[in-house]
Amino acid sequence: MIRALHRWPGLVALALVTVLSLSGAALSVFPGAERIAAPQAEAGMTVATLVDRILSAYPGVEQIRRAPSGRITAYWFDQGAPGAAVINPATGQGAASADPNQTQRWLTNLHRSLFLGDGGRIAMAVGAAAMLVLALSGVLLVTRRAGGWRHWFARLRGPLAGRLHVEIARIAVVGLVLSSTTALWMTASTFDLLPVGGVPAMPVEVSGETGFAPVLMPLLVATPVAELRELSFPYPGDATDVFTLKTDRGTGYLDQGTGALLAWTDLGGWERASETIYMLHTGQGAATLGLVLGLMVLGVPAMGVTGVVVWLAGRRGRPRIRGNQPAGRAETILLVGTEGGTTWGFAATLHSALTQAGQSVHTAPMSAFAPDRYAAANRIVVLAATYGDGAAPASAKGFLDRLAAADHAPDAPLAVLGFGDRSFPAFCAFAKAVAAAAQAKGWPQFMTIGTIDRQSPQDFARWGRALGDAMGVDLELSHQPVLPLVKTLILVSRHDYGAEVQAPTAILRFALPRATLWQRLVGAGFARFDAGDLIGIMPDGSPVPRLYSLASARRDGFIEIVVKKHPGGLASSQLTALEPGQTVTAFLRRNPGFRPGRGRAPLILIGAGTGIGPLAGFVRGNARQRPVHLFFGMRHPDSDFFYGEDLRAWQDEGRLTRLVTAVSRGTKPHYVQDALRGDAAQVAQLIRDGARVMVCGGRDMAAGVADALAEILAPTGLTPAVLKTQGRYVEDVY
Amino acid sequence: MKSLLATLALTTALTLPGLAMARPLTLTTTLTNYGGDGAYLALYVTDASGAYVGSLWMAGDKSRYYEHLSDWYRATGGDTAQVNGITGASVGAGRTLEITLDLADTLFDAGYTLRIDAAVEDMRDSPNEVAVPLTTAGAGTPVTGRRYVASFAYDM
């Protein structure tokens, strides 16, 4: 709902808000320029003194105005010819032309009415309203995505366009809300929709005399120039006319024969509010604020472009849910938690099967969980993937918080289906967390939690039959997972190791496939990847992809993986048999949980065997010479010391601080966890200093490393578990 | 030049019950190229003592700006009823405003004065921009305003 409120005004009013923001940003420069250019009155100068000076320079003066910038303009007649000038208050003489700036005038007319009069003003007001709706709905979306107000400035993940969009928005939103609200107020005021205060009635009785010198008038003597807005002189020869003085406080009339104040009206509340709003919108009288707002709205065109890119990318990534019912009318609510989007495919299949079975179904991301709106729901089904070590995937952000914050659990019972990969220890961990949270909240579950291993269509069909039984309908779910966009990769070189230790292994280097401009913009496919991301190889003869960790980043200019040939392994056999020039079909899968991150904190990289791949990639990419300590376990240095020469070169270049190796073959087997223990004091010190630990390799090795680290850290009071919750201990295990 | 032609069935103080006692009058106001946004113009009539008699036309439809037509505003207290039904758009720089209306015979050669107040955003207010006596002899003779009006004439 909120997303739609954000999307449609954004797309429809894109051109309008772009014109508004660009012209507004250009206009924001003028108040500051005027403030700098205008000669300012000295502190404490009175209106009487100013009038006296101007009168001696221009005896025929009719009106004196002071702009919020401090610029003073006088208008006079000299022998019947009208004259006007910006006045230097120190001398009363003209200092510059009073003609309006034509550029500013043109921009102002574009900004407020597109040169189209009242129709244009209304169009621009609609644009401002769209901007306000966008800003407010955007705030809700960012809050929801980040998981609460406290995370407003949390680090962002995902493709460039989306990150840029939010990055700009969370700064600029203040200015956008302020500018659009004040714009709407000003439009309302222009169209007389707001009450206006009156000018005081003309005094009936005047002295009928003329010629009292303004310099002696008590009110002009008492009024500082800083408060002056406007002083109009009586019409020459008309004894019934008066001086009209407008200040920050109000309007009054002064007798031209006695100098006495004849009438005074204070500014009303509405006028004060309108003037404050005018100042906030235009920066007239608040030049710095104006410039800041101008800078903020400059983000609007950038947000427009990135917003459209995000929208188009989203349309491509997610299958269309046909016949999605409104949340308030649906009997079954499907909530989807997914990181990369594959679970949407399952949701679409389930949605259409349920719809065919006569159900009305509403499908939405888990992050849109709004139990109050599910008025007609008989059941709620959650399809949840897991992100990293059991964290909520992107489209499920905030779900658990919202469930915990709810007064009571929804009335409609729940079924949870988890998606995951059994080879990971945190298999379906997030789905389990959802089920546990539901139980804790007293939310009844009409089915025990189901799990789908590696997008298995068989698992899904089986669960679907169970769901159908629970609902009393026949449910046949036949889902063919949509494979990610695959590319053909050409092998350019291979480096062989390990034949002597009966573990033939190859470092394979593929050429970068060409990325389209679109892929570069949205960071799709191989247009953006880092060491530690995963590559899915599609072996001949199996529809199931095999994942390998990348040892290179996009900027390295190639795709590199380390592959050990497993006896009977389909993909590894095909890969290790590849010759340069031959090809393989593959796709990219991001692995944002396994990244060294930014900053200068030391890195402790721990790996064994082919697990060196991503770690070597991190070292290769360490151009900023962050301290990196690499612990590497191998069988024999003469046989499977992967990247041996490279590592020495990287050490010389300062990319690698220290290399500690452990050799397992020989008289005294030595594993990487033993190497860590041997270095316990320094490892503990590094971790106390904020080091980040990254482990890559087999499950047994990872478990051994965790045990060793627990021992090493015992004296410090830290544990691997604590480090994990702080995000300082990450594993990529297979 | 774009011109505005309006035939008025006047409902102000200036109309008389029988049109036989009125004559059609065309007011032509041409503005200079003063280099600003559209001008607000108030066309009205005062009597021999300078007292306000009635309005003929208001060019400019946002009443919040009327206070800048200061003489007219003082005379009427900003009463928009005075220009109800005889209000049009503001007049751009260099443009011509042409109005045709029926004006009572008795207003001619009787000491009445036709006045124009003018105002432009961010430029000077110009009350008393034009003040011409309403005489049959003066018809068709163009006069120049003080600041914004290049020429003004009334034709019978």
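What is the mean pLDDT of chain B, and what percentage of its residues reach 70 or more? Colour chain B by confidence to begin: this is a predicted model, and the mean pLDDT of chain B is 85, with 87% of its residues reaching 70 or more. For the model as a whole, the scores are ipTM 0.81 and pTM 0.63.

Now select residues 1-13 of chain B, where pLDDT stays under 50, although the model has 25 contacts beyond four places in sequence for them. Residues 15-19 of chain B also stay under 50, and for these the model has 6 such contacts beyond four places in sequence. Where pLDDT is low, the predicted coordinates should not be read in detail.

Staying with chain B, display its open sheet of 5 strands, which has the order E5-E4-E3-E7-E8 and mixed pairing. At its edges you will find strand E5 (87-88) and strand E8 (125-133) of chain B, each of which pairs on one side only. Then pick out strand E3 (residues 40-46) and strand E7 (residues 113-119) of chain B, which run antiparallel and are joined by 7 bridges. Within this pair, centre the view on Ala42(B), which stands opposite Asp117(B) in E7(B).

Next, bring both chains into view and select the residues where they touch: 16 residues of chain A are in contact with 18 residues of chain B. On the chain A side, strand E3 (81-87) and helix H5 (102-113) each supply at least two residues, and the residues of that side divide into 9 nonpolar, 4 polar and 3 charged.

Hide chain B and turn to chain A, which has 23 helices and 24 strands. Of its 734 residues, 41% count as buried, and among contacts in chain A between residues at least 6 apart in sequence, 72% join residues at least 24 apart.

To see the largest nonpolar core, which has 66 residues, start from those with the most contacts inside it, including Ile535(A), Leu605(A), Leu615(A) and Val705(A). Helix H22 (residues 699-713) of chain A gives the largest share of this core, 7 residues. Because domain 4 (487-589) and domain 5 (603-733) of chain A both give residues to this core, it lies between them.

Zoom in on Leu615(A), which, leaving aside its neighbours within four places in sequence, is in contact with Leu605(A), Gly607(A), Leu630(A), Met694(A) and Cys696(A). As a last stop, select Leu334(A), Ala377(A), Ala384(A) and Ala431(A), which are among the 51 residues of another core, lying apart from the 66-residue one.

Note on methods: Residues numbered from 1 in each chain as written. Chains lettered and ligands numbered in written order. Predicted model: local features only at pLDDT ≥ 70, side-chain atom pairs only at ≥ 80, totals over all residues. Contact = placed C-beta atoms within 7 Å. Helix = DSSP H or I, 4+ residues; strand = E, 2+ residues; numbered from the N terminus. Nonpolar A, V, L, I, M, F, W, Y, C, P; charged D, E, K, R; others polar. Core = buried A, V, L, I, M, F, W, Y, C linked by C-beta atoms within 7 Å. Buried ≥ 20, exposed ≤ 12 C-beta atoms within 10 Å, placed from the backbone. Domains from an automatic or database assignment. Pairing = 2+ DSSP bridges. pLDDT = per-residue confidence, 0-100.
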